[in-house]
Structures are given as C-alpha cells and as structure tokens.
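Colleague: I would like to go through the charged side chains and hear the grounds for each label.

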Amino acid sequence: MKTFKSVFEQYDWNTIQSKIYQTTSKEVEASLAKAKRNLDDFLVLISPAAQPYLEQMAQECHELTKKRFGKTIQMYAPLYLSNECQNICTYCGFSLDNKIKRKTLSDSEIKQEVEALKKMGFDHVLLVTGEANYTVNINYFLNAIEQIKNDFSIISVEVQPLSQEEYERLHEAGVYSVLVYQETYHQEVYKKYHTKGKKSNFDFRLDTPDRIGKAGIHKIGLGVLLGLEDWRTDSFFNALHLDYLQKTYWRTKYAVSFPRLRPAEGIIEPNFIMDDKDLTQLICAYRLWNEDVEISISTRENEKFRNNIIPIGTTSMSAGSKTNPGGYVVDPQSLEQFEISDDRSVAEIAHIIQQKGYEPVWKDWDKNFRF
C-alpha cells in the first residue's frame, strides 16, 4: 500500500531549497493575496523574501486562528516515564553513549507523578520515554495507561515508532494522540545524527505516521528538530508530509510542534540557528496555509516568545514541564532530556494567557464521547 515515502521520493532537497531561496517579493505578495493557499504558497511564505511581510502575516494568522479555534489555549504537561534508550543520537541527553543513571518509573512512581500533575490542574498528559524496546515497550505503555486512564481525559504519547498493530492496541487503550518527529527530512544528514539503534532507519521512521493513521488514532503530531538542518527546507518537507496525511487519513486531526534544539547532556551545538523572528514566520506560514492544523508551543521556548506568540497562532501550550523521569516529585535530580527555557509555574502561565484575553482550557473533550 502507498505510504508517504512514495511522495517523498518525488522531491529533491536541493531543488526545494533553491526554490525557497529564489522566491521573490512579487511571489510573496501573490500568495498573501489569495483567500485559499496550497503547498506552493507555504514554500513562498517560509522564504527569506517573506520576512518583510511578517507583520501582515501575523495579523492574518491571528484572525484565522481566532476564527477556527476561538480564543482558547489547550493546556498539557509531559510526563517522562523513562530515560532508557538504545539509540545513539548526537543531539539528545538520553543517547545510549551518555554515561548517565538510567531510570524507568514503577507503577507507584507513576501514580506519584500523576498526583502532582493533577494538583496543578492538568487533564491532558503527554507520556514520553526514550526508545528502549526491551524495557519501555508496548506492554510497559499499556500498563502505564491502565494506571492513569481514570485521571486524565486526554492521554497522548511520544515514544519510539511502533507497528500498526501496536498503535491499534494503544488506540483501544484510550490514547488520543501520538507525536512522532522525523527530526530532519535530509536523508544523508539524518544518518550523521542517528548513528546506532532502530532510530537510524530513516524509512521506518518516515512511514510511522502512516501506521498511526491506519490504526485510527484520533490525532497525529508532526515536527522537525529545528537546528539540525536548514529550517526552511526541513519545514517544507514536514508540511509536505502533513499535506499527504491529511488527504490520506482525512478523519484524523493533526498538530505541528516546533522544537528548537536546546542544551542537554553531551549534545552538539545547533548546525543552523533559528531566531524568534524566524520561528514566528514559520508559525504564520503554517496557519496561512492550513487553517485546521493545531500549533503547539512547549517550554523549550523562552517566556518572552511564549507570551508574544499566544495571540498569533498558538492552540496549545505546556507549562511547568519537567523533562526527566520522576521530575515532578519522585526524582527531581534525574537527567533531563533537554533544558527547558520557560520555567514559570502553571498558575503563572495560565494567568498570562488570561491577561492576553484567552482562556486556558484543561479539558476539550470527554473520553465518553470517543468513537
């Protein structure tokens, strides 16, 4: 059966990159004048030529987001269950070659972390682990979900790529969404960053969203790790992937995240620097191209940026995040996957959202209505 790979192979990285950097202001103005935009317009709107039009883009982005999502921001928190990992990835604190203390939460420890998150007000949790198939595998995930399913209306996961049958089991267990990032769509560069482990298989990871879609998961989250490669070209391929998925698995909802490479134990420095203006342009381009995609902003970003991006295109935000297993109460000193940038409390973030005229939403659906 056809997968995204068959679409991906029709495009050449260097050709797309050249198109982006050869875009003219006339092409930008033509794209901005459209009422409905396609993937070619997205390419134009992420180009350097579009930067002088950022204020106009931001204003329209604000109106489109308000029309489609209202003045609400969905709140969620990551719950790191394990930092065990069998991959060597040069940008990640959990990488196998980092000589660190490994920790995987037990049932009782999971419950302690959940109690802490519930006290903060969260009803949407994102379960995160390293990629260690022998320890944190489908059986571990299903057990963890069983422990917490009565505590949260929404359970999302960000774990290693699984088989379609395993995603079907997660769906049956009550998982609402699955996040999976290709990291970079530059196939040759990908090999340099992922030197050992199952994650080094570019094609298997590339086809993961297809398996998620076939399994009937309600929502799929995509993204690239901004800083590994040219963000404009990588983002075009991420949008190409999203475009294919929306047309193929049209009943599924989609979200995009924008993780910028952050400091972590033993990692490399970013190859490509993306400043706040660049990220604002990228968020605007996504919204101007795609009114339906959800846009998530995590605590990787600094508080000034997060404050300012709320009214532009954001639909969900994390707050009070810990990126280490047991980080909330069980083992605050365990190794983080990366350093967060916005360390304000959940109450502070909720207050800022309200000050901006928006409503922080802790629950946007009920599991009793699952279909």
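Colleague: Which residues are linked in a network of salt bridges?

Modeller: This is a predicted model. In it, Glu131, Glu183, Lys199 and Arg205 are linked in such a network.

Colleague: What makes Glu131 and Arg205 a salt bridge?

Modeller: Their side chains come to 3.2 Å, N to O, and the cut-off is 4 Å, so the pair qualifies. Glu131 lies in the loop between strand E3 (124–129) and helix H7 (138–148), and Arg205 in helix H10 (residues 202–206), so the pair ties together parts that are 74 residues apart in sequence.

Colleague: Why is Arg205 called buried?

Modeller: Its relative accessibility is 5%, and buried means under 20%. Glu131, with a relative accessible area of 10%, is buried as well.

Colleague: Why does Glu27 count as partly exposed?

Modeller: Glu27, in helix H3 (residues 25–32), has 38% relative accessibility. Buried would need under 20% and exposed over 50%, so the value falls in between.

Colleague: How do you know that Arg287 has no salt bridge?

Modeller: The nearest side chain of opposite charge, Asp292, is 7.1 Å away. A salt bridge requires the atoms to be within 4 Å, so Asp292 does not qualify. Arg287, found in helix H13 (residues 276–289), is nevertheless buried.

Colleague: What joins the side chains of Arg287 and Thr65?

Modeller: A polar contact of 2.9 Å; the limit there is 3.5 Å.

Colleague: What separates Glu188 and Lys191 along helix H9?

Modeller: About one helical turn, because they are three residues apart in helix H9 (residues 187–193). Their closest N and O atoms are 3.5 Å apart, and they form a salt bridge.

Terms used
Residues are numbered from 1 along each chain as its sequence is written. This is a predicted model: local features need pLDDT of at least 70, side-chain atom pairs count only at pLDDT 80 or more; totals for chains, interfaces and linings use all residues. Side-chain values use heavy atoms; hydrogens and water are left out. Helices (H or I, at least four residues) and strands (E, at least two) are DSSP runs, numbered from the N terminus. Buried means under 20% relative accessible area, exposed over 50%, partly exposed in between (1.4 Å probe, protein chains only). Lys and Arg count as positive and Asp and Glu as negative; His and the chain ends are not counted. A polar contact is a pair of N or O atoms within 3.5 Å; within protein, one must be able to donate a hydrogen and the other to accept it, and residues adjacent in sequence count only if both atoms are side-chain atoms.
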